[in-house]
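Visitor: Please pick a single part of this model and take a close look at it. Then work outward from there to the rest of the chain.

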Amino acid sequence: MRPRSNLSRILAAGTIATLICMAIFLPEIAGIGWHVAYGPSAKYRGWRIPVPEGWFARHEGDILALEHMLHFPIHEDAPTVVFLSMHMPKNLKFDPAVWTRVQRNIQNRRGYRLAATRGVEMAGTPGYCWEFVKRRDDSHWWITCLMPSEDLSADFSGAHSFAEAFYAILPQIHRQAGKS
């Protein structure tokens with residue numbers, strides 16, 4: 001009878017250890033799983049959007065969201081990037097100063113202050129980004145980037161430590177073959 005109780009203890013300890021390891025490494029497992037299933041990028045409205053390692057993508061209606069799972073997200077939200085079509089009229093001239101005022105007003109109501117603006121390259125064309133910092137938590141950022149010539153926007157929300165991962169995505173965006 002003793003060997004069976006030892007075997008039960010070993011199996012129980014092994015099961016507990018496996019569950020603890022899975023909980024600790026869940027973000028890595030989810031990110032790897034997504035990349036194994038879908039590859040290094042996600043499709044969105046004729047675009048190929050790179051998905052960084054450790055991140056995964058999901059479609060929600062007319063948006064594509066990239067998310068990085070956190071180990072223990074008790075007090076903070078997971079960093080998220082959302083891609084949207086802008087649907088701007090073709091005859092509308094894009095004016096960064098006007099958009100700066102619009103973005104500042106929107107984010108001000110949400111508790112953010114404008115920290116900086118930044119020119120970027122998105123999919124080989126010029127883009128514009130506005131960086132906002134949460135007033136009561138300067139580690140939390142909201143970054144809005146627009147690529148007016150292609151009617152594409154990208155918004156980042158999360159800890160400042162993930163902002164460069166977001167910016168690294170933008171120049172790698174490209175049209176899917178045969179799409180325009």
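Guide: What follows starts at one hairpin and moves outward from it.

First, the ground rules. This is a predicted model, in which local features need pLDDT of at least 70 and side-chain atom pairs count only at pLDDT 80 or more, while totals for chains, interfaces and linings use all residues. Residues are numbered from 1 along each chain as its sequence is written, and side-chain values use heavy atoms, with hydrogens and water left out.

Now the hairpin. Strand β1 covers residues 41-44 and strand β2 covers residues 47-50. Helices and strands here are DSSP runs numbered from the N terminus (helices H or I, at least four residues; strands E, at least two). β1 and β2 pair in the antiparallel sense, over 4 bridges. Two strands count as paired if DSSP finds at least two bridges between them. One bridge joins S41 to its partner P50 in β2.

The turn deserves a stop. There are 2 residues between the strands. R45 is found in this loop between β1 and β2. Its phi is positive, about 45 degrees, although R45 is not a glycine. Most residues other than glycine have a negative phi. R45 is partly exposed because its relative accessible area is 47%. The cut-offs are these: buried means under 20% relative accessible area, exposed over 50%, and partly exposed in between, with a 1.4 Å probe and protein chains only.

D151 offers a second case. D151 also has a positive phi, about 55 degrees, and is not a glycine either. D151 lies in the loop between β8 (137-147) and β9 (152-159). With a relative accessibility of 15%, D151 counts as buried.

Back to the hairpin. The two strands belong to an open sheet of 3 strands, in the order β1-β2-β10, with antiparallel pairing. β1 and β10 (174-175) are the edge strands, and each pairs on one side only. β2 and β10 run antiparallel and are joined by 2 bridges. Across that pairing, W47 has R175 in β10 as its bridge partner.

Next, the packing around I49. Contact means heavy atoms within 4.5 Å. Neighbours within four places in sequence aside, I49 is in contact with P40, S41, A42, Y44, L64, L66, F83, I169 and I173. I49 is also among the residues with the most contacts inside the largest nonpolar core, which has 32 residues. L66, F83, I143, F166, L170 and I173 share that distinction. A nonpolar core is a set of buried Ala, Val, Leu, Ile, Met, Phe, Trp, Tyr and Cys residues joined through side-chain atoms within 4.5 Å. There is a second, separate core of 8 residues, which includes M86, M88, F94 and W142. In soluble globular proteins, nonpolar side chains tend to be buried together.

L66 leads on to T80. T80 sits in strand β5 (residues 80-85). T80 is buried, at 17% relative accessible area. Sequence neighbours within four places aside, T80 is in contact with L66, E67, D155, F156 and S157.

E67 leads to the charged pairs. A salt bridge here is a side-chain nitrogen of Lys or Arg within 4 Å of a carboxyl oxygen of Asp or Glu. The structure holds 6 of them. R58 meets E67 at 2.7 Å, N to O. R58 also meets E60, at 1.7 Å, N to O. R58 is partly exposed at 29% relative accessible area. E60 is partly exposed at 41%, whereas E67 is buried at 17%.

Another salt bridge joins E164 to R118, with the closest N and O atoms 3.5 Å apart. This pair links distant parts of the chain: E164 is in helix α4 (residues 163-169) and R118 in strand β6 (residues 112-122), 46 residues apart. R118 counts as partly exposed, at 30% relative accessibility. As for R58, E60 and E67, salt bridges with shared partners join them into one network.

Last, the whole chain. The chain has 4 helices and 10 strands. Of its 180 residues, 40% count as buried. Among contacts with a separation of 6 or more, 43% are between residues 24 or more positions apart. Along the sequence, the pattern reads α-α-β-β-β-β-β-α-β-β-β-β-α-β.
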